[in-house]
Each structure stands twice: as structure tokens, then as C-alpha cells.
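I opened this entry to look up how the side chains pack inside the protein and what surrounds the ligand. The notes follow the order in which I looked.

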Amino acid sequence: MILHTTQETLSRDELEELQLERLRHTVERCYATVDFYRNAMNELGFEPRHLKSLDDVRHLPFTKKEHLREGYPFGLFAVPSDQVARVHASSGTTGKPTVVGYTRQDIHTWAQVMARSLVAVGMRPGDRLHNAFGYGLFTGGLGFHYGAEELGVTVTPMSGGQTQKQIMLIQDLAASAVSCTPSYALNLAEEAERMGVDLRKLPLELGIFGAEPWTEAMRYELESRLGIEALDIYGLSEVIGPGVAAECVEGRNGLHVWEDHFLVECVDTDSGEPLPYGEEGEIVFTSLTKQAFPVIRYRTRDISRLDAAPCRCGRSHLRMQRVTGRSDDMLIIRGVNVFPSQVEAVLMQTENLSPFYQLEVSRQGNMDSLTVHVEGSPPLMAQGAETIEQVAAKVRKDIKDFIGISTTICIKPVGEVARSEGKAVRVVDHRATR
Ligand code: DLL
């Protein structure tokens, strides 16, 4: 069986030649058809003919979320409306969502990169996927659905919610893989335990998780509680949806970016200057084959690193390391930068805590304060206040030692931290509402 497509194993030279040809085409189309891109290029004195090599990408303007908002709803579309076969939208935390569009060809491209991602994480035709990503405006559900069908996988279009029913169907339909956010996977594990269903004894072998940051420690927690191998998949609606990059089961160390479709850069968050491989910065994508909604140098705000080292799977495409967090989720607590995932890593290494947590930020006077709400295991809660306080003191000390901030740790009984059905809300920031 062919395990990966020939585009995944092109030599660097072949790949870059293909990328340059596709980049030229994309830039020309954007210049010719989208006012925003033409104006932005004109402002920098850049014309499509100036694009001589891939390195010239750094002379192109960045596209930011606010530009997409200003263009709401169709301002950045590059095809007439009768060629748009579908739209999706990403939920903005405030105001209008961002609308993205696909031609029929784009939907085909998306299905292909998703099918490729599913192969990378270890799925094969004939497998059975229980897809618990939300169907609708969110790209998760339909992205996985089309990719699974493209590959020849049987898909259960479950969507989110109805957790008990999900457990029943995973069991009865003998799912071999489940896809959802890592936080919802935890929710599934907990519900199964409550229902007396041992997921580890079922045919379920693989979890494909993404759409939110998660840690290595969370991977091991999910693997042991569900009896699966848990792999990471990445994407964003502005670029296509899920399937921009995926981990491979052979390497389990970074996500291969499908570079024949998405040109990736890692830039300094403040200066926007490209960074060498290995350095942490903001990931930026330029779409190379999209028709309806091409993006040029889209600033994802996702923080990661690019890795050009060969992977044992044989794919030649660069890997991006697990996303640590979004630059806009980064909390600055009394001058120290903190990502929720750093707190997660400390919580997950502490015995007797359950992995459900939420961070609450508030301001007293001029001082920011961070309270970590986390659930204790039932045995811990049964031991009484003194023992609970000892665990809280240890977590407080570990966070101070590893991250450098003082926190208040609030250990609660099981069920008192909100459960997620999609992307978990990790931070409640009361400062933002002032
Ligand atoms: O979350 C697409 C997706 C669906 C990806 C299902 C993976 C699985 P958006 O709603 O537009 O699209 O949100 C995109 O989610 O910029 C990241 O901040 C975050 N994100 C996505 N995948 C990962 C991941 C979908 N594997 C935003 N690790 C992105 C960390 C992720 N963060």
C-alpha cells in the first residue's frame, strides 16, 4: 500500500521549485483580483514580477486577522460568488466572525490534505472514525469528514455534545479512531469511566486531537485513559481548516506542514523578521493552491518552532513543533509571560490532580493575580483540608520555580471545573472587562 503521496517525499529542490511556481501564481491572482492585496503590495512598492525566489516572500505584506475583519464578509475572496461552493466561519471572541470560502476545487484540495493527515497519524482505508469535532461553521467536523471519506474510512458524523451517546456509539460501532479536541477527549474518558465503560478494552486505537493547545503530558494522560495512541493535528480556518499540518505516527515529534499547499514561515512576533529554523516565533502561512480565499503571509498568532531535520517517516516536509499557545492567549502576570500550557504541564505532573483546570486572572489595585482552579482526585478530596493544602502548596511552589509567578491554587472536587464540548476555555480574564 502507498503510505504517502509522492509530493510528501519530494527532494527539497523539487519541492521549492513547485512552491515558487505556485507562489507566483497565487501572488499574481491576489494582485489581480483582491483590492486588499493589491493595495498592500502597492504600499510596499511590490509587484508580482519582483518575485524571483522563495526568499522574496519576505518582501510581501503580512495579512492579519484585523484585515480579514475589515473585509467582512467577502472582501478578500478572489473568485466571483457563483464559484464559491461553501463558506465556513471562525468564531471571533468579539463582534463578527471571519468568513472563509472554498471553490469545489478547494474542497477537493482540503479533502486531500486531510486524507494525507489521517494517513500520517496512522489511519488506513477501512478504519472507522468517530468524528466528534463540531459540524457547522467550524471547520473541524466537515474537514475531518471529507478527509476520512476521501481516504476510504467509515465516518460517524457525531459532532460535539451528547457525551453519553458518544460513548455508546464508540462502543457499539466499534470505532477504531476518535477525533475531537484534547479537552473533549478527557471529557469522554471521564464520562466513560462514570458509565462503567472501559475504553481501553474497546477496538479504539487512535485519537486525533487538535484545534487547541495541549501538552505532551496531556498526550500521555489521554493515551493511558483511552488506551489509544494520541496524535496532534493542526490547522486554522483562514488557511483551510484542519489538515494544514499533522504529526506522523512514526516520528511523534512535530507536525509535518503540507508544504506543497502551504508555505510556512516562523517570524519574530514583534519585528516580523523571519527566524532561523529551531527558534521560537509566530507561524505565518501563505496558501499556494487555494482559489476562493487565498492568504498571503497570514499571521496565525500561534507560537511554535520549525524543524528541518529529517524525519524517520521519510516525509521531506518541515515539521512545526507542538503549538505552545497563541500570542493573544499569553498572559502577562506582573511582567512575566505565561502560556496556559505551561501551567498545564505543572498540573499534569502533580499526582492526585485531575487534568481539568481553568485560569482566572484579576487585578487588585495595580497587581495582577492568577488563580488556578483545578480538580483534585476523589481520594485526595477525601483526605481533608490539610492534605489538600499540601498539594496546593506543592503546585504553587512548582509554578513559582518553573514559570516564575506567584499564584493562588484552588483545588476543587470533581465536576467543579467547566467541561468542554469543543475548544476549552482555559482563561477567564476579568481584567479584559474593565
Ligand atoms: O481549529 C481547525 C482545526 C480543527 C484544527 C480540528 C485541528 C483540528 P480555527 O477554529 O480557525 O480552526 O482555530 C484555529 O486553533 O490558530 C490555533 O490557535 C488553534 N489550533 C488548531 N490546531 C491546533 C493544535 C481550527 N493542534 C486555531 N495545537 C489555530 C494547538 C491548535 N493549537
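I began with tyrosine 234 and phenylalanine 285, and both are buried, where buried means under 20% relative accessible area, exposed over 50% and partly exposed in between, with a 1.4 Å probe and protein chains only. Before going on I noted that this is a predicted model, in which local features need pLDDT of at least 70 and side-chain atom pairs count only at pLDDT 80 or more, while totals for chains, interfaces and linings use all residues. Residues are numbered from 1 along each chain as its sequence is written, and side-chain values use heavy atoms, with hydrogens and water left out.

I then looked up the aromatic pairs, for which rings of Phe, Tyr and Trp (its six-membered ring) must have centres within 6.5 Å, planes under 30 degrees apart counting as stacked, over 60 as edge-to-face and the rest as tilted. The structure holds eight of them. Phenylalanine 36 and tyrosine 37 make an edge-to-face pair, 5.1 Å centre to centre with 65° between the planes. Tyrosine 37 counts as buried because its relative accessibility is 1%. The rings of tyrosine 234 and phenylalanine 285 have centres 6.1 Å apart and planes at 35°, so I entered this pair as tilted. It links distant parts of the chain, since tyrosine 234 is in strand β7 (residues 229-236) and phenylalanine 285 in strand β11 (residues 281-287), 51 residues apart; strands (E, at least two residues) and helices (H or I, at least four) are DSSP runs numbered from the N terminus.

Next I turned to the largest nonpolar core, meaning a set of buried Ala, Val, Leu, Ile, Met, Phe, Trp, Tyr and Cys residues joined through side-chain atoms within 4.5 Å. It has 71 residues, and those touching the most other members are Met41, Met123, Leu129, Ile208, Tyr234, Phe285 and Met320. Helix α4 (residues 104-121) gives this core its largest share, nine residues. Apart from it lies another core, of 26 residues, including Leu204 and Phe209.

Which residues come nearest to the ligand? Of the 22 around it (a heavy atom within 4 Å), I found these to be Asp232, Ile233, Ser237, Asp302 and Lys423. For polar contacts with the ligand, pairs of N or O atoms within 3.5 Å, I noted an N or O atom in the side chain of arginine 326 at 3.0 Å from a ligand oxygen. A backbone N or O atom of alanine 211 lies 3.0 Å from a ligand nitrogen.

Methods. Polar contact = N/O pair within 3.5 Å; in protein donor to acceptor, adjacent residues only side chain to side chain.
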